[in-house]
Every structure is written in C-alpha cells, then in structure tokens.
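Visitor: I am new here and would like to know what the words used for a structure rest on. Could you take me through them one by one?

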Amino acid sequence: MRTDPGGCWVAEEDGTMVGVVTSLVREGTWILSTYAVRPGHQGRGVGKPLLAAALHHGRGALRGMLSSSADPRAVRVYRQAGLSLHPQMVLRGTLDRTAIPLGTGDKVREGSAGDQDLLDSVDRQARGSAHGADHPLLMTQSRLLLSETSTGSGYAYAYPDGRVALLAATNRRTAGRLLWSALADGPEQTEVAHVTAANEWALDIGLAARLEVWTVGYLALRAMRPPSPYLHHGSLL
Ligand SMILES: CC(C)(COP(=O)(O)OP(=O)(O)OC[C@H]1O[C@@H](n2cnc3c(N)ncnc32)[C@H](O)[C@@H]1OP(=O)(O)O)[C@@H](O)C(=O)NCCC(=O)NCCS
C-alpha cells in the first residue's frame with residue numbers, strides 16, 4: 001500500500017470486506033501479490049472485477065508475473081487475463097546432509113542495505129526488472145546471502161526456518177552455491193518452492209539432497225519467459 005496504492009483494492013458487500021487484491025509495478029513488470037475472496041463469497045463474481053482493478057494498475061507495464069495457487073477459479077481468471085501458465089514444483093523432505101558439497105558456504109557472505117545496487121543489477125539480468133523497494137522489506141523478513149566472484153553474482157533471501165524466499169543469480173553455478181548454502185544453514189526438514197522447468201539446476205540440487213518433488217500451482221507470466229537462474233518470491237515475484 002505504501003509503494004503501490006493504486007494497485008490495492010478491496011471488495012465490500014453490505015459494508016463488510018469480502019475480497020482483496022494487492023499488486024505492484026517494478027520497472028515495467030506488473031506483479032500480483034495477493035488475491036483472495038472470503039470463503040462463502042467465492043465463485044459469485046466478486047473476484048473478477050477485483051483482478052480487473054489490479055490489472056488496470058499495470059496497464060503501462062509490458063510484462064506481468066504472479067504465482068498462482070491451484071484454485072481452478074484463480075487459474076481460470078489468470079488465463080482469461082492472457083497470462084501463460086508454467087507449472088511450479090516444490091521440493092520438500094528430509095535433507096541428506098551427506099550430499100552437501102564440500103566447501104559449501106565458501107564465496108558466500110551476508111548481504112546488507114549497502115548491496116542494493118548489486119541486488120537490483122542481478123534482478124534486471126535474471127528477471128528483467130529490479131525489485132527496488134522490495135529489497136529493504138525483504139531484508140527485514142529474512143537473511144540475505146550474497147555471492148560475488150569474477151564470473152558471476154547472485155543473492156538469496158532465506159527465512160529463519162531455512163526456506164529460500166527468493167534467489168536470483170547471473171549464472172547457474174552461483175545460483176547453486178547460494179541454494180546449497182541456504183539448505184546447509186537450515187533445518188533437516190526443508191522445502192524449496194517455486195521451481196519451474198527453466199530452473200533444473202534447482203531441481204537437480206533438490207534431488208541430490210534427496211528431497212521429494214511435488215507440483216503446486218503455476219508461475220503465470222505475460223510477455224516474458226520463466227526467469228532463470230531464479231526462484232521467485234511468492235508475492236513479490
Ligand atoms: C481466486 C479467487 C480470488 C477468485 O474470486 P471469485 O470471486 O471466486 O471469482 P469469480 O466468482 O469472479 O469467478 C472467477 C471465474 O471462475 C469461475 N468459477 C467459479 N467457480 C468455479 C469452480 N468451482 N471451478 C472453476 N471455475 C469456477 C467463474 O465462473 C468465473 O469464470 P467466468 O467468468 O468465465 O464464468 C477466489 O476464488 C479465492 O479467493 N480463492 C482462494 C484463494 C486463492 O487461491 N487465491 C488466488 C491466489 S494466487
């Protein structure tokens with residue numbers, strides 16, 4: 001609401017809020033963050049006008065991204081809005097620590113607010129638009145890991161429970177180093193979410209770590225290919 005008030009709408013019935021949508025625009029990419037109608041009010045035409053209002057906020061943006069639930073109503077309206085649906089995998093289970101490569105954690109350091117320009121540059125290369133104001137927010141919610149070498153740069157945000165919230169890199173080697181590092185620092189029961197077929201480097205790490213592969217929802221995109229090497233954020237994409 002602070003950065004994109006025009007992208008945030010609610011639906012009311014008899015003075016009660018029954019639905020909400022929040023969306024944002026970052027450097028020519030429209031992103032849908034939150035979209036929900038109260039159970040009991042779903043499937044009665046509340047959701048569609050809400051999404052239309054959010055889409056209007058992104059009318060000047062060529063590209064679009066959102067992470068869709070498996071709800072058939074959501075999938076229907078996203079496709080009707082012209083987005084392409086890319087299935088998302090989630091890797092979860094018990095981490096096999098013996099699979100963690102020797103030297104994991106080397107060439108990875110903690111990041112801070114002073115790294116914002118680098119983070120934005122990596123974003124532009126990996127997904128075509130910088131996260132900008134999202135980075136200070138992400139830093140309050142999660143730990144920032146950074147890797148910079150002569151051949152590539154990248155970053156990952158990891159929640160206190162070890163799950164990766166967002167990962168972006170300029171090459172797969174750097175992305176893999178960051179993912180192994182986040183997994184190694186996290187707990188035994190773990191999860192790597194939002195893996196698309198364009199990110200088989202992450203799928204292969206999950207399999208090496210003996211995690212199970214499941215499919216959950218879609219990465220829905222307009223006028224762009226699934227970013228790679230990239231594990232998108234669920235609501236800041
Ligand atoms: C997704 C959601 C916000 C849509 O809002 P809604 O008020 O239920 O949607 P609408 O009533 O406007 O209908 C959307 C479309 O789905 C259709 N639909 C309704 N019930 C359906 C069902 N059970 N299965 C498939 N389609 C259905 C509607 O007919 C409409 O399509 P149409 O206009 O072409 O006929 C709402 O269902 C919801 O909150 N779902 C749970 C949370 C969620 O998954 N949110 C998305 C996060 S990415």
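**Around the ligand**

Guide: Let us start with Gly-43, which has a backbone N or O atom 2.7 Å from an oxygen atom of the ligand. Please keep in mind that this is a predicted model, in which local features need pLDDT of at least 70 and side-chain atom pairs count only at pLDDT 80 or more, while totals for chains, interfaces and linings use all residues. Residues are numbered from 1 along each chain as its sequence is written, and side-chain values use heavy atoms, with hydrogens and water left out.

Visitor: What makes the pair at Gly-43 a polar contact?

Guide: A polar contact is a pair of N or O atoms within 3.5 Å; within protein, one must be able to donate a hydrogen and the other to accept it, and residues adjacent in sequence count only if both atoms are side-chain atoms. The Gly-43 pair is 2.7 Å apart, so it qualifies.

Visitor: Which nitrogen pairs of the ligand can be set against that limit?

Guide: A backbone N or O atom of Tyr-35 lies 2.8 Å from a ligand nitrogen, and an N or O atom in the side chain of Asp-71 is 2.9 Å from a nitrogen atom of the ligand. The protein covers 71% of the 960 Å² of accessible area that the ligand has on its own (Shrake-Rupley method, 1.4 Å probe).

Visitor: How do you know that the ligand sits in a pocket?

Guide: A molecule sits in a pocket if more than half of its atoms lie within 2 Å of the pocket's grid points, and the ligand is placed in the largest pocket. A pocket is an open set of points on a 1 Å grid over the protein atoms alone, where a 1.4 Å probe fits, with protein on both sides within 12 Å along at least five of seven lines.

Visitor: Which element gives the most to the shell around the ligand?

Guide: That is H2, with seven residues. Helices are DSSP runs of at least four residues and strands of at least two, numbered from the N terminus.

**Buried or exposed**

Visitor: Why is Gln-116 called buried?

Guide: Buried means under 20% relative accessible area, exposed over 50%, and partly exposed in between (1.4 Å probe, protein chains only). Gln-116 has 19%, so it counts as buried. Gln-116 belongs to helix H3 (residues 116–127), and its side chain reaches the backbone oxygen of Gly-132 at 2.9 Å.

Visitor: Why is Met-139 called partly exposed?

Guide: Its relative accessibility is 24%, which lies between the two limits, so Met-139 counts as partly exposed. Met-139 is found in helix H4 (residues 134–141). Leaving aside neighbours within four places in sequence, Met-139 is in contact (heavy atoms within 4.5 Å) with residues including Leu-119 and Tyr-157.

Visitor: What makes Lys-107 exposed?

Guide: Its 57% is over 50%, so Lys-107 counts as exposed. Lys-107 lies in strand E6 (residues 104–107) and has a positive phi of about 65° although it is not a glycine.

Visitor: Why does Ala-223 count as exposed?

Guide: Ala-223 has 61% relative accessibility, over the 50% limit, so the word exposed applies. Ala-223 is in the loop between E12 and E13, and its phi is near 55°, a positive value in a residue other than glycine.

Visitor: Where does the chain have a cis peptide bond?

Guide: The bond from Ser-228 to Pro-229 is cis, with omega near -10°. Pro-229 lies in the loop between strand E12 (212–222) and strand E13 (230–231).

Note on methods. On a 1 Å grid over the protein atoms alone, a cavity is a set of points where a 1.4 Å probe fits but cannot get out, and a pocket is an open set with protein on both sides within 12 Å along at least five of seven lines; lining residues have an atom within 4 Å of a point.
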